[in-house]
Amino acid sequence: RPVLEAVAHAHEAGVVHRDLKPSNIMLAKTGKGVVVKVLDFGIAKAFRDTELSPTGDTTTRSDRSTFSPRYASPEQVAHTRTGPWTDVHALGLLLSEVLTDAPPYPGGDANELLAMVFDPERPTPLRAGVDVGQWGPIIAKALALKPADRFPNAQALLDALDAALDGAETRRAVLPLDHPALTPPADRGTTRSDPAPSVPDAPPSSATVPACALTAHLPRRRA
C-alpha cells in the first residue's frame, strides 16, 4: 500500500517514475517504525494533463530510454509513449511477484526476456499457478499489453484493489448463521442452538490482506 500510494502521489503531481522494481523500494527503519520508500526517480518524466491519454501520437518525447528490461512495459521496449499507465504495468509486475514469490519473467537471455514482454499471455499470478481471488482480474488489467486497456494511474489501481477487498468482506458478512463456516467443530461442546456472538472475530485489515486470503478469516462461533 505505501508503494501504491507513493506512486499515486507522484502521478497526481504530474510525474511518472518509469523504473519501478524491487531494488528501487527501500524499507527504512525510523523512530516510528519501518517506512516504505520509493527511490530513484532518475529516469522519471513530467507529463501534462493533455498527455494523459495513451492513444494518439505514440512516439516518445524523451531522449532517456533507459529502463530495467525485467520490469519494463511493452511501450518502453517499443520506445513509444510512456505515462502513468507505464507505472501501473510495473506495479502489476511487483504485485504478481509478491503474491507468487517468484519474478514475473523466468531467467533467460535478453532476447528471450524482451519477447516475453510482448507475450499475449501476461505474467499474472494465475499463469504462475497461484489463485489470488478477486485480485486476479485486477492484476491482469494492470498488465494488459495495450496501455489503453490498463488502469490510467496508480490511484485507480489501488481503488480497484480496495474495492475487491471490500466486496469480499461484504460477501463474508452476509453468510447465514447455519453456514458450515460459522459452526464450530463438534468436540468443542457447542450446538447450533447456542447464540451467535454479537461481535465476530475481527479479520485483519483489508488494506494488507489480499482477497484470496480473506476466506481464512471467516467469523466463527466462540466456544
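**Exercise 1. The β2–β3 pair**

Find the residue that stands opposite Ile25 in β3, then describe how the two strands are joined and paired.

*Solution.*
Step 1. Ile25 stands opposite Val38 in β3. The model is a predicted one.
Step 2. Place both strands in the sequence. β2 covers residues 25–30, and β3 covers residues 33–38.
Step 3. Determine the sense of pairing. The two strands run antiparallel and share six bridges.
Step 4. Trace the connection. Two residues form the link of a hairpin from β2 to β3.

**Exercise 2. The setting of Val15**

Locate Val15, classify its exposure and list what it touches beyond four places in sequence.

*Solution.*
Step 1. Val15 lies in strand β1, residues 15–16.
Step 2. Take its relative accessible area, which is 24%. Buried requires under 20%, and exposed requires over 50%. Val15 is therefore partly exposed.
Step 3. Collect the contacts, leaving out residues up to four places away. Val15 touches Ala10, Phe41, Ala44, Lys45, Ala46 and Phe47.
Step 4. Take one of these partners, Ala46. Ala46 is 31 residues from Val15 along the chain, yet their C-alpha atoms are separated by 4.5 Å.

**Exercise 3. The two sides of α4**

Sort residues of helix α4 into buried and exposed, and explain why the buried ones line one face.

*Solution.*
Step 1. α4 spans residues 110–117. Its buried residues are Leu113, Met116 and Val117.
Step 2. Look down the helix axis. The buried residues of α4 fall within an arc of 110 degrees, so they line one face of the helix.
Step 3. Turn to the other side of α4. There, Asn111 and Ala115 are exposed.
Step 4. Ask what lies over the buried residues. The cover includes α2, residues 74–77.
Step 5. Inspect the N-terminal end of α4. Asp109 caps this end. A side-chain oxygen of Asp109 lies 3.2 Å from the backbone nitrogen of Asn111.

**Exercise 4. The whole chain**

State how many helices and strands the chain has, give their order, and summarise burial, contacts and surface.

*Solution.*
Step 1. Count the elements. The chain has six helices and four strands.
Step 2. Read them along the sequence. The pattern is α-β-β-β-β-α-α-α-α-α.
Step 3. Assess burial. The chain has 223 residues, and 37% of them count as buried.
Step 4. Consider contacts between residues at least 6 apart in sequence. Of these, 65% join residues at least 24 apart.
Step 5. Finish with the surface. The accessible surface is about 12300 Å². Carbon and sulfur atoms account for 57% of this surface.

Notes: Residues numbered from 1 in each chain as written. Predicted model: local features only at pLDDT ≥ 70, side-chain atom pairs only at ≥ 80, totals over all residues. Heavy atoms only, no water. Buried < 20%, exposed > 50% of the residue type's maximum accessible area, 1.4 Å probe, protein only. Arc of directions from axis to C-beta. Contact = heavy atoms within 4.5 Å. Polar contact = N/O pair within 3.5 Å; in protein donor to acceptor, adjacent residues only side chain to side chain. Areas by Shrake-Rupley, 256 points an atom, 1.4 Å probe, with all protein chains shown as cover. Pairing = 2+ DSSP bridges.
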